[in-house]
Amino acid sequence: MNPHPDLTAGVIRGLGWLYLLLALANVYWSVRSFKKDGYYERLFGIDHVPKAFGWAAYASILLLFACAHLVFSSSADDFMIRLPEFFKSNVDILIANPISYFVISIVIFVAMVVWRNWWVEPTIAWILFNMSVLFLALSMTDYDFRQIVGKPDNVPIVAMLYLVGFFTWLYFYKCRDNDRRLANGLPPAEKELSETVLTWPDLVYSEMICMVLLTVVLILWGVALPAPLEEPASAVKTPNPSKAPWYFLGLQEMLVYFDPWMAGVVLPTVILGGLMAIPYIDFNKIGNGYYVYEKRKFAVLTFLFGFLPLWVAMIVLGTFIRGPNWNMFGLYEYWDVHKLEVLNNVNLSDMFWLDLMRQPLPRPDSTAAWYVQLVTILQREWLGLVLIVLYLVALPPIMALTVFRKFFARMGFLRFMVLANLILMMWSLPLKMALRWSLNLKYIVAIPEFFFNI
Amino acid sequence: MSSIIEYIRKSQIWRSVFRHPAPYDRRNRAVVVLTNFFLHLHPVSVKKGGIALSYTWCMGGVTFFLFLVEALTGVLLMFYYRPTLEWAFTDIRALRDVTTLGIMREIHRWGAHAMVITVWLHMYRVFLTGSYKPPREFNWVIGVILLVLTLLLSFTGYLLPWDQLAIWAITVGSNMARATPFLGHEGPGFQLLNIGGYDLITNASDARFLLLGARTVGEETLNRFYIMHCVAIPIVVSLLIAIHFWRVRKDGGISQPL
Ligand code: HEM
């Protein structure tokens with residue numbers, strides 16, 4: 001009897017294909033290593049051993065693994081490696097918690113930038129890649145993980161993570177070289193390819209090859225993975241959780257911290273406006289047409305911060321980790337509809353009036369004229385309103401006089417104000433998150449009478 | 001064999017289709033790019049660094065290719081799909097269960113996901129190479145609009161299968177619109193738009209209603225999204241892509257160090 005009824009033959013074979021691909025990739029890597037990496041003087045008492053030996057051994061183990069999965073007939077337990085429970089539960093604890101999730105993504109981001117010249121080393125990057133694939137393959141033996149990561153619509157997200165990772169690697173890899181060149185007064189490496197070639201055949205042929213390959217990929221993908229079709233639409237059966245399409249899950253995640261008018265309308269507008277404004281506020285002439293990091297640190301870091309932890313990581317969170325009732329669930333955790341999370345968030349005005357002043361909130365008289373009510377509301381919310389105004393109006397000049405002095409001098413008033421406000425808008429999300437986590441703050445300004453909550 | 005090919009190439013029919021001799025020598029390789037409709041998007045010659053795969057990541061080109069794939073498979077799907085409450089779901093299920101070449105739907109769906117990803121990656125590379133800097137500022141702006149339209153294409157298409165996944169994703173997504181400041185019936189400041197005590201903005205006249213054509217996602221929405229998805233947005237995207245490519249060339253080709 002199969003002791004793991006959830007591990008169907010299809011899943012095991014699928015894993016076999018994954019291991020096979022990884023093994024083949026490592027065969028390639030062994031060859032590359034044989035050509036490039038040289039020899040160990042002495043290893044296990046043998047002289048002159050190619051460094052590629054380790055990779056070859058690893059590749060053969062993977063190959064054995066793949067074969068075992070692909071041609072298995074006995075119990076899966078004979079060859080399956082599964083993740084130990086303590087590993088799973090610890091990963092779940094770390095991931096199913098907004099604070100540690102966000103902190104970890106920031107830590108990874110910082111480490112990525114600080115140690116960029118170390119991890120872009122091809123061998124290191126290859127090891128990291130292998131680790132991530134092994135993590136994925138081993139996790140696939142877990143039922144709950146498979147339920148969520150294996151959903152057909154979620155597969156592209158996994159692909160996206162690898163693509164984003166690869167291109168980020170490529171960027172920093174090229175920057176390592178170019179940063180060094182620019183520091184020594186040399187032109188960037190791209191400059192050396194400035195000879196012109198004819199479009200036919202050089203460009204046209206590579207376009208053709210690209211198209212053929214892509215067509216093959218799409219057809220294979222279509223054959224392997226049926227498009228999802230759930231039950232017919234029903235306006236009365238609300239699924240739990242109800243999720244927007246995956247590319248909007250970053251925005252949906254913001255709903256946890258902001259009201260819809262902010263998370264769904266204002267912030268997306270600011271993101272798009274901010275993207276369009278980039279060419280007009282980036283006054284730095286360096287780095288046009290080649291990859292550099294050092295000489296345009298601020299621009300690159302801002303963009304990477306917005307794209308990686310605030311967009312991609314939020315999509316991952318929204319897709320894989322947000323479950324029923326928008327609670328967070330570990331990767332290996334069952335999506336229990338009854339999981340309880342206590343939320344008692346309070347408004348800033350509550351903190352001010354109830355906790356600090358020890359008196360009830362000013363309450364607008366609902367029979368009075370609207371402007372009379374408004375005065376009471378403003379009195380109730382004055383602290384939050386002042387803070388918001390300070391944040392958006394007083395902070396930019398302070399930035400101009402301190403940290404961003406040089407920027408301000410070169411950008412001029414208007415450009416700088418736009419930049420400062422965009423940056424502040426971008427930081428409003430992590431700030432609100434931090435306030436929520438540390439003070440249980442719900443709204444800084446809470447005027448539900450006018451649907452105006454921040 | 002080669003003489004047959006020669007014969008065909010010299011025939012009047014062939015020469016009427018292709019206005020140039022075969023691209024065997026340098027001169028004719030330039031001519032072929034200039035005189036062929038599909039190739040004349042390109043300049044005759046390009047900088048080697050500008051077309052290096054490790055430089056452009058080919059992501060703009062891949063996005064364009066995916067757009068073409070989507071157009072092709074989309075038209076094929078339109079032959080099978082009727083955007084009505086009665087048929088939408090059944091037609092899609094038939095694509096899965098009975099229609100020959102129902103795999104068109106898979107390719108269309110995965111192609112759409114892939115296109116969203118490749119647009120992002122294209123933008124990522126354009127940013128990281130600083131290619132938005134002068135003289136290419138405006139092409140970046142066109143690009144951002146293309147990004148929005150790509151997402152909207154994907155979003156409007158998401159509704160069409162009319163299954164649970166579809167209507168609830170669109171419900172969640174479009175619920176935002178009712179919180180639009182001033183223009184949503186739960187948005188800040190909508191009360192200001194009233195005449196003699198009557199609100200102008202209600203759940204039957206606000207931004208969400210405009211999007212859905214109804215108070216909730218229903219038949220009107222399906223129709224509206226169908227037209228947006230199959231006609232309106234693709235036309236605008238095609239136009240903008242044309243301008244985008246035109247600008248790439250007018251701005252001096254793919255960016256390179258000066
Ligand atoms: C439907 C979407 C899009 C298509 C089909 C498309 C296609 C292309 C193609 C084929 C190129 C030639 C160079 C290359 O392949 O990298 C290009 C260049 C460019 N794209 Fe796009 N693009 C799209 C969206 C975007 C977006 C979202 C942005 C940025 C926000 C953008 C900004 C640019 C810029 C500035 C260039 C010039 C880059 C250079 O000269 O190096 N495009 N686009």
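The following exchange concerns the ligand site on chain B and one residue of chain B that meets chain A.

Tutor: This is a predicted model, in which local features need pLDDT of at least 70, side-chain atom pairs count only at pLDDT 80 or more, and totals for chains, interfaces and linings use all residues. Residues are numbered from 1 along each chain as its sequence is written, chains are lettered from A and ligands numbered from 1 in the order in which they are written, and side-chain values use heavy atoms, with hydrogens and water left out.

Student: Which residues coordinate the iron atom of the ligand?

Tutor: Donors are N, O and S atoms within 2.8 Å of the metal (3.2 Å for Na, K and Ca), and because water is not among the atoms, sites may look incomplete. At 2.0 to 2.1 Å from the iron atom, the NE2 atoms serve as donors in His122(B) and His244(B).

Student: Is His244(B) buried or exposed?

Tutor: Buried means under 20% relative accessible area, exposed over 50%, and partly exposed in between (1.4 Å probe, protein chains only). Because its relative accessibility is 14%, His244(B) counts as buried.

Student: Which backbone oxygen does the side chain of Gln164(B) reach?

Tutor: Gln164(B) is itself buried, with a relative accessible area of 8%. A polar contact is a pair of N or O atoms within 3.5 Å; within protein, one must be able to donate a hydrogen and the other to accept it, and residues adjacent in sequence count only if both atoms are side-chain atoms. At 2.9 Å, the side chain of Gln164(B) reaches the backbone oxygen of Lys237(A).
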